[in-house]
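User: I am new to this structure and would like a close look at one part of the interior. Could you walk me through one helix and the packing around it?

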Amino acid sequence: MIKAEITDKELLAHLDSLEADKLHIFTMADGRVRGAIFHGTRFVNQLRAQHNLGILETYILGQASLCAALTIPMMKDMEHTAVKFEGEGSAAGFSVEADSTGYVRGYLFNPHIPLDKPLENWDLGPFLGSGNLTFSRVHKDDKYPQSSTVTVEGHNIAQDFASYFAQSEQINTAFNSSIQFDRKGRVVGAGAFYLQVMPVTGGDGRLGSQVDSNVEESEEDKIILRKIENAVKACPSLGLLYSEKEVDSEDIIIGLFREFNPSIIMQRDITYDCPCCEQRFVDYVRNLPKKQLEEMKKESDKPLEIKCENCGSIYTIPFSKIF
């Protein structure tokens, strides 16, 4: 990826004053609940710079990318997840990918969403609309991805992710994501978290690795779910919290979920990045039919400009590198 430079000095000074972008993975309620919280203010600013996005476009792709980042702790070994939303709204949809190595990339189907009037709220229904949310997972030894699609409402991306896990994975999952803009439209805070209540499958009541979807929720599960739901509802805007620099991720975890005795078990770096490079595109062009290559060269002897849709990088490739 060709990393886009953020040139706003005031924004850069603000970013330097924040805690590092990190993903904190934690468990609580004696292992019955697992989760992660991701501070991603620099992350969202980088994706905005890569794609040169406006406020609404940044909000949509930023929300989707933050939620995609939260799927990384759920991965087993080397895994890659692609999440695609195809909707009826003017934004058309998005594609985001997360990799177990720690990078996320993605793009909007329509990077210039038309607006008839100023935004009154962050309801994304008019822009995304109802549609299909598809998760495709590829493990290192898989020949083909494993895909599953659900229908979602498109009003709130975090809720759509939760709906996917409820419908397809049959795991009770809560997602919460937030992006804070200042008066000049800068992203000054961004973050997200997820929580999952894992079903008991063993005789000793410990966390099981496989889910039996036929087992009904116990009364204990219902109580935990109710309490967690209340904690999620009580959560203030993560974007605002991170922008004000009054608390860090550990403070938020402990403050929100104290009664569940949370324990942070790992921290990870997550970046908005892409494995694209010039050589990949050179190899791709070389594999085009020879006649097509010759016609391309006849039309113009100027270098080819190839844009990576996943990260916005533009590669200028002279024909001397191709032939």
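Analyst: Happy to; here is a walk along helix α3 and into the core around it. This is a predicted model, in which local features need pLDDT of at least 70, side-chain atom pairs count only at pLDDT 80 or more, and totals for chains, interfaces and linings use all residues. Residues are numbered from 1 along each chain as its sequence is written, and side-chain values use heavy atoms, with hydrogens and water left out.

Helices here are DSSP runs of H or I with at least four residues, numbered from the N terminus. Helix α3 covers residues 55-69, and its end C-alpha atoms lie 20 Å apart, which agrees with the 21 Å that its 15 residues should span at 1.5 Å a residue; the expected span is 1.5 Å times one less than the number of residues.

Of those 15 residues, 14 are buried, so α3 is largely enclosed by the rest of the structure. Buried means under 20% relative accessible area, exposed over 50%, and partly exposed in between, with a 1.4 Å probe and protein chains only.

Now to the packing. A nonpolar core is a set of buried Ala, Val, Leu, Ile, Met, Phe, Trp, Tyr and Cys residues joined through side-chain atoms within 4.5 Å. The largest one has 52 residues, and Phe-43 and Ile-60 are among those with the most contacts inside it. Helix α3 gives the most to this core, with 9 residues. Beyond its neighbours within four places in sequence, Phe-43 is in contact (heavy atoms within 4.5 Å) with residues including Ser-65, Leu-66 and Tyr-272.

Finally, Cys-67 is buried, with a relative accessible area of 0%.

Technical notes:
Helix = DSSP H or I, 4+ residues; strand = E, 2+ residues; numbered from the N terminus.
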